[in-house]
Amino acid sequence: MADINQAELERFVHAAVGDMAATISGLLLHIGDRLGLYQAMAGAGPLTADALAARTGTAPRYVREWLSNQAAGGYVRYRAEDDTFELPAEHAAVLADEDSPVFLGGAFEVIASCFSDHDRLVDACRTGAGVGWEQHDERLFSGVHRLFRPGYAANLTTQWIPALDGVDEKLRAGASVADVGCGLGAATLIMADAYPHSTFVGYDYHEESMEAARKSAADAGLARRVRFEAVDASEFPGTGFDLVCLFDCLHDMGDPLGAARHIRQALASDGTLLLVEPFAGDALTENLNPISRAYYGLSTVICTPASLAQPVGLGLGAQAGEARLTEILTEAGFTRVRRAAETPFNLVLEARP
């Protein structure tokens, strides 16, 4: 047996125990999100466990234990003098406000869905088989929507589209837009609301998501200019699009090169591809940080299995990086690819025919 460095052993045990605490606390965060506990605490000031339980129609004994976990993790503040708990406004932006660009409730919903799928994922890791998007626990769909929508709402029409060459002007005048791999249609509807003279179509192979997206469009009063169709990214109909968008989905596709080629053919001669992907450097050594750690984890249980379940099964992964993405777009026939914008979570590329 190799010699053990006792200090290093103790350091790593502490790190692993921290992850153990974070894992179970992530489950409690998801439970609190589903029960509306954070929303009830937001702006309410100090509350006792009994008061929070009364506000949310929950059992006081469970709420007390949940709050104690939250206090131990620093998510809420505990005041021993009156036995109350308070959610700071800064924490409420992350845990309670679904319109906040830093809201993370959806992320924990996504992770919880993957724990439900663990038997299927273990088998996939043994066999190399894929796990299709439609095979996951249904919380994956709503969780991904809630995870990405706040960031899109904060950046898409205010930062990302204006960073593209001439695209904002086209959309304001009236343009044709396709959102490929649109999921529940969050980005599609954000764009449609911001650009009332343009028309939008969302494509995704998951019919249940398309049904939900159609309802959201109708509820928002946008159905006249927005439609959703269940079709594969390499086969969607239509040509002459002024803008085609791929939001956090190219890496999930079995054949991202084939999809990019099809998009190239569907664009107008002066059209634009907007590609949004998880932020990543080009080498693993550039991605050894907490955000990439989360993305590699999600890629292991969602993105890579989804790609491997489809024809070609490239398995690009959620941390492909700008150089690899540019290589795919160039091979697909795009002649100009540039980084148009970025956030700590997103890499935004503009590609032209």
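Colleague: Let's start with Val 312: is this residue buried or exposed?
Modeller: Remember first that we are looking at a predicted model. The relative accessible area of Val 312 is 62%. The cut-off for exposed is over 50%, so Val 312 counts as exposed.

Colleague: What is the phi of Val 312?
Modeller: Start with the place: Val 312 is found in the loop between α13 and α14. Its phi is positive, and the residue is not a glycine. The value for Val 312 is near 80°.

Colleague: Which loop holds Asp 248, a residue with a positive phi?
Modeller: The phi of Asp 248 is about 50°, although Asp 248 is not a glycine. Asp 248 is buried because its relative accessibility is 7%, and the cut-off for buried is under 20%. Its place is the loop between β6 and α12.

Colleague: How far from Asp 252 is the nearest side chain of opposite charge?
Modeller: Asp 252 also sits in the loop between β6 (241-247) and α12 (256-266). Its contacts beyond four places in sequence are Cys 303, Ala 306, Ser 307 and Gln 310. Asp 252 is buried but has no salt bridge. The nearest side chain of opposite charge belongs to Arg 324, and the distance is 15 Å.

Colleague: Which elements do the buried residues of α12 pack against?
Modeller: Helix α12 is mostly covered, with eight of its 11 residues buried. Among those buried residues are Pro 256, Leu 257, His 262 and Ile 263. The buried residues of α12 pack against β6, β7 (267-278) and α14 (322-331).

Colleague: How far apart in space are Leu 243 and Leu 171, C-alpha to C-alpha?
Modeller: Leu 243 is in strand β6, and at 0% relative accessibility this residue counts as buried. Among the residues that Leu 243 touches are Leu 164, Val 167, Leu 171 and Leu 274. In sequence, Leu 243 and Leu 171 are 72 residues apart. In space, C-alpha to C-alpha, they are 8.7 Å apart.

Colleague: Which helix gives the largest share of the largest nonpolar core?
Modeller: In soluble globular proteins, nonpolar side chains tend to be buried together. Here the largest nonpolar core has 41 residues, and Leu 156, Phe 247 and Leu 274 touch the most other members. Seven residues make up the largest share of this core, and they come from helix α8 (residues 139-160).

Colleague: How many residues are in the second, separate core?
Modeller: Let's go by way of Leu 274, whose contacts include Leu 156, Phe 247, Val 348 and Leu 349. Leu 349 is included in the second, separate core, as are Tyr 203, Phe 236 and Leu 250. The number of residues in that second core is 31.

Colleague: How many residues apart in sequence are Asp 19 and Arg 293, the parts tied together by their salt bridge?
Modeller: The structure holds 21 salt bridges. In the one between Asp 19 and Arg 293, the closest N and O atoms are 2.5 Å apart. Asp 19 counts as partly exposed at 32% relative accessibility, while Arg 293 counts as exposed at 56%. Asp 19 lies in helix α1 and Arg 293 in helix α13 (residues 290-308), so the parts tied together are apart in sequence by 274 residues.

Colleague: Which helix holds both Lys 215 and Asp 219?
Modeller: These two form a salt bridge, with the closest N and O atoms 2.8 Å apart. Lys 215 is exposed at 54% relative accessible area, and Asp 219 counts as exposed at 57%. They are four residues apart, about one turn of their helix, which is α11 (residues 207-219).

Colleague: How far apart are the closest N and O atoms of Arg 339 and Glu 342?
Modeller: Arg 339 counts as partly exposed at 33% relative accessibility, and Glu 342 is partly exposed at 46%. The two form a salt bridge, and the closest N and O atoms are apart by 2.6 Å.

Colleague: Which residues are joined into one network by salt bridges that share partners?
Modeller: Sharing partners is what links the separate salt bridges here. The residues joined into the one network are Asp 33, Glu 98, Glu 109 and Arg 146.

Colleague: What accessible area do the residues of the nonpolar surface patch have together?
Modeller: One member is Val 17, in helix α1 (residues 6-35). Val 17 is partly exposed, with a relative accessible area of 42%. Val 17 forms the patch with Ile 4, Leu 9, Val 13 and Met 20, and their accessible area together is about 450 Å².

Key. Residues are numbered from 1 along each chain as its sequence is written. This is a predicted model: local features need pLDDT of at least 70, side-chain atom pairs count only at pLDDT 80 or more; totals for chains, interfaces and linings use all residues. Side-chain values use heavy atoms; hydrogens and water are left out. Helices (H or I, at least four residues) and strands (E, at least two) are DSSP runs, numbered from the N terminus. Buried means under 20% relative accessible area, exposed over 50%, partly exposed in between (1.4 Å probe, protein chains only). Lys and Arg count as positive and Asp and Glu as negative; His and the chain ends are not counted. A salt bridge is a side-chain nitrogen of Lys or Arg within 4 Å of a carboxyl oxygen of Asp or Glu. Contact means heavy atoms within 4.5 Å. Patches are made of residues with over 30% relative accessible area and no salt bridge: like charges are joined within 9 Å, nonpolar side chains (Val, Leu, Ile, Met, Phe, Trp, Tyr) within 5 Å. Accessible areas come from the Shrake-Rupley method with a 1.4 Å probe; for residues, only the protein chains shown count as cover. A nonpolar core is a set of buried Ala, Val, Leu, Ile, Met, Phe, Trp, Tyr and Cys residues joined through side-chain atoms within 4.5 Å.
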